[in-house]
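Biologist: I am new to this one, so could you walk me through it?

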Amino acid sequence: MKILLYNPDNGVTRNFMPHLWMFLLQSLTPAEHQVFLIDGNARPMNEQQLVSFIREQQIGLVGIGSMTRMVARAYRMADAIRAAGVPVVMGGPHVTEVPDEALGRDGGPRHADAVALGEADETWPRIVADAGRGELQEIYQPLDERGKERKPSLQPYPSIPWEKLDLEQFNMVPKVARPLLERHANGWHSVHLIPIESGRGCPYGCEFCTVTGFFGDSIRFRSNESVVSELLRLKKHARKNRSQVIVFFIDDNFAINIKRTKSLLKDIIDAGAQLPWIAQISANLLRDEELVDLIEASHGKWIFIGMESIDPVNLADVNKSFNKPAEYAAVLERLARRDIYAITSFIVGLDNDMPGVADRTLEQIAGWPPGLPVFGQLTPFPATPLYDRLLKAGRLTRPKHWLEFAPYQMANTPLKMSIGQTHAELDKAWTESYSPQRNASALAAIADKPTKIRVMHFAMRMFFRGIYFPQMTKRAWLKLIVDNRRSILNLAREAIGNWRAAKKRVDPAVAHSRGNTQRA
Ligand code: B12
Ligand code: SF4
């Protein structure tokens, strides 16, 4: 059977990072089947184009995965595929949280023939076998003998053959810049961000988050050897292709078990498996100096920290009191001393937020080492304690917000400001954080760092700005370049100066070696 795994595009970023679920399920598919992958972010398609592809390739089963924010698009695609007579199975966080919607059991239209609830590592081969026999069931769920939900072990973990896959569609470097970088920046014409998971589960249970409900509060890890061998294969692949691979450890809290994280990082270092990496780690776990030393030595570069708010009352409201705003600055300085920077994430519209929250947050951020702040509105994802609380309080203005998805629009009434005021705060936070002035002052704050680090910092700022201000056209990029021309020129001047200085230092040696050759 030919199987297509499809991930709908998010309408914001193009070819950012492959979605792990597709590659994982591909690796778990019995070898007699052929699997095609289409990620709409890298290969945008409308319903007709997708159906034509499915007909041409004679696909017999389509699997669609989606987060809540893309689910309306996923349903539209699924409807078109089913209308063409091909069965659709849907999986991922959203259908797990509201399975009746996809199956049309809530009074709405049906979008999927079957749904895979929860982690599908064990159920996927069964789904494929049933579909092959034409006996697809409606619901698949990993259950133990007593009918209780079972979380799959990550030992053993399938080997994802990244090195054999066509990843060029996920090259993050804009096409226009590739030829120049190929000539002058060794390997930087091709940059891939590769998702690797080292464990699943988070016990913290923050009120707004789906992770504890979905993956459970007991944490499961892959073996260190399995992670190290994946890194070594990626490293070899990058070297062979003269490209850059950056790893995103997508664990929800990469240091949730500090002892185990330290042992993994030590094994990575001992095996020489270091690649630049990014991970999500909560601020409370970054108090440990030894851990941060190991992060540096294993080439950790950016840490995503869910700060959520600088207000302890807000943090208590969402069950995240383990975050201590008073220590944010110290944590970020501890990282910055080792040239590790943070992506700091904030929620706007929490119950104790009032007009002025953006200014108050920006003021704090300005006192920290430069990083990449990101802001989102409080979002009640289905099946979270937050959703239930707001529903009970009659505060959901759009209870099925995902069916009429609108980026950065509240779906509930905040407590101490209006929806309009919340949107204005969010807009202010993004606009000021990525203004040309803020970009220049971020560079000035790390003026003593090597040019390479500053260029990387600046490039990341340009990309992160695009999360809120979509940069999907050449025109948008051009405007960004013009607006930030001062910073770009300064960095270019600095880089050319370094290059000339390095050339001068190298030239006498080159002349000397040529001389030797001539004499020989
Ligand atoms: C990596 C990641 C991202 C990446 C992007 C995705 C990518 N390219 O990988 C980045 C960092 C950009 C990102 C951004 C966001 N993310 Co995110 N992200 C994750 C994260 C940490 C890992 C995803 C992952 O690969 N997991 C590992 C795989 C193996 O698990 P999985 O995807 O669930 O797949 C398993 C099952 O679900 C199932 N399955 C999945 N799909 C399918 C399909 C079929 C057919 C079948 C059979 C089975 C199946 O099988 C898989 C194996 O068991 C998850 C949290 C998490 N731990 O999953 C959040 C998560 C998915 N993100 C979330 C959110 C909310 C966001 C943002 C909206 C945050 C924000 N406020 O801006 C943005 C939106 C991005 C956008 N514009 O699209 C939520 C989604 C909740 C929901 N109900 O939709 C999650 C669950 C985290 C959370 N805190 O609740 N994210
Ligand atoms: S610590 Fe992060 S992953 Fe864990 S429940 Fe809180 S927000 Fe979710």
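Modeller: What follows is a predicted model, and we can take the ligands and then the aromatic rings.

Biologist: Okay, ligand 1 to begin with: how many residues surround it, and which are the closest?

Modeller: Ligand 1 is surrounded by 39 residues, and the closest of them are Thr68, Ala120, Asp121, Thr210 and Asp252. By residue class, that shell divides into 22 nonpolar, 10 polar and seven charged.

Biologist: Which side chains have polar atoms by an oxygen atom of ligand 1, and at what distance?

Modeller: For aspartate 121, a polar side-chain atom lies 2.5 Å from an oxygen atom of the ligand, and for asparagine 10 an N or O atom of the side chain is 3.2 Å from an oxygen atom of ligand 1. There is also a nitrogen atom of ligand 1 that is 3.0 Å from an N or O atom in the side chain of glutamate 97.

Biologist: And which elements give two or more residues to that shell?

Modeller: Those are helix H1 (20–27), strand S3 (61–65), strand S4 (88–91), helix H4 (93–97) and helix H8 (211–215). The largest share, four residues, comes from H1.

Biologist: What is around ligand 2, then?

Modeller: The residues there are Cys202, Tyr204, Gly205, Cys206, Phe208, Cys209, Thr212, Asp252, Lys320 and Phe322, and they divide into six nonpolar, two polar and two charged. Asp252, listed here around ligand 2, is also one of the closest residues to ligand 1.

Biologist: Switching to the rings, how many aromatic pairs are there?

Modeller: The structure holds 20 aromatic pairs. One of them joins tryptophan 302 and tyrosine 341, whose ring centres are 5.9 Å apart and whose planes meet at 50°, so this pair counts as tilted. Tryptophan 302 belongs to strand S12 (residues 300–308) and tyrosine 341 to strand S13 (residues 341–348), so that the pair links distant parts of the chain, 39 residues apart.

Biologist: Are those two rings buried or exposed?

Modeller: Both tryptophan 302 and tyrosine 341 are buried.

Biologist: Why is the pair of phenylalanine 463 and tryptophan 477 called edge-to-face?

Modeller: Their planes stand at 70°, with the ring centres 5.5 Å apart, so the pair is edge-to-face; the cut-off for that class is over 60 degrees. Because phenylalanine 463 lies in helix H18 (residues 451–468) and tryptophan 477 in helix H19 (residues 474–483), the pair ties together parts that are 14 residues apart in sequence.

Biologist: How accessible is phenylalanine 463, and what about tryptophan 477?

Modeller: Phenylalanine 463 is partly exposed, at a relative accessible area of 35%, and tryptophan 477 also counts as partly exposed, at 23% relative accessibility.

Definitions and conventions
Residues are numbered from 1 along each chain as its sequence is written. Chains are lettered from A and ligands numbered from 1 in the order in which they are written. This is a predicted model: local features need pLDDT of at least 70, side-chain atom pairs count only at pLDDT 80 or more; totals for chains, interfaces and linings use all residues. Side-chain values use heavy atoms; hydrogens and water are left out. A residue is near a molecule or strand if one of its heavy atoms lies within 4 Å of it. Ala, Val, Leu, Ile, Met, Phe, Trp, Tyr, Cys and Pro count as nonpolar, Asp, Glu, Lys and Arg as charged, and the others, Gly among them, as polar. Rings of Phe, Tyr and Trp (its six-membered ring) pair if their centres lie within 6.5 Å; planes under 30 degrees apart count as stacked, over 60 as edge-to-face and the rest as tilted. Buried means under 20% relative accessible area, exposed over 50%, partly exposed in between (1.4 Å probe, protein chains only). A polar contact is a pair of N or O atoms within 3.5 Å; within protein, one must be able to donate a hydrogen and the other to accept it, and residues adjacent in sequence count only if both atoms are side-chain atoms.
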